[in-house]
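Reader: I would like to learn how to read a sheet, strand by strand. Could you take me through one with care?

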Amino acid sequence: VQLQAFGGGLVQAGDSLRLSCAASVSRYGMGWFRQAPGKEREFVAACSWSGRTTYYADSVKGRFTISRDNAKNTVYLQMNSLKPEDAAVYSCAQAKAYGLDLAQGDSYEYWGQGTQVTVSS
């Protein structure tokens, strides 16, 4: 399975950005994680295979929305009201199986390369 994330860029605080993650095969849950310089990777958002169940880190609830289009094998992360602390490299990942804790990094088997999000204040 190959994953490719894109859509990052430089925006100002308060702006919006939509990330996309194209998968060669769409199955199981999908998630977004981010890692800022000098910090550990952290969970951002995830959704079940159907997309009907979603999970968010507290820091992004109400601002970010994850969705997926299995016909296009693509997962999206709509990011609104961006803050400087949202700046990081964002990576998408595909889970190993159904029923795993999608907020945990070790629930994922395949990872895409990251896309940089920079937010200026």
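Author: Let us begin with one pair: β1 and β3 are antiparallel partners, joined over four bridges, and within this pair Phe 6 lies opposite Ser 20 of β3. This is a predicted model, in which local features need pLDDT of at least 70 and side-chain atom pairs count only at pLDDT 80 or more, while totals for chains, interfaces and linings use all residues. Residues are numbered from 1 along each chain as its sequence is written, and side-chain values use heavy atoms, with hydrogens and water left out.

Reader: What holds strands of a sheet together, and what counts as pairing?

Author: Strands of a sheet pair through backbone hydrogen bonds, either parallel or antiparallel. Here two strands pair if DSSP finds at least two bridges between them, and strands are DSSP runs of E with at least two residues, numbered from the N terminus.

Reader: In which order do the four strands of the open sheet stand?

Author: The order is β1-β3-β8-β7, with antiparallel pairing. Because β1 (3-6) and β7 (64-69) stand at the edges with a single partner strand each, one side of each is left without a neighbour in the sheet.

Reader: Which strand is paired with β7?

Author: β7 pairs with β8 (residues 74-79) in the antiparallel sense, over six bridges, and Asp 69 stands opposite Thr 74 in β8.

Reader: Which residues of β1 belong to its covered face, and which to its uncovered one?

Author: Leu 3 and Ala 5 make up the covered face of β1, whereas Gln 4 and Phe 6 make up the uncovered one.

Definitions and conventions:
Buried means under 20% relative accessible area, exposed over 50%, partly exposed in between (1.4 Å probe, protein chains only).
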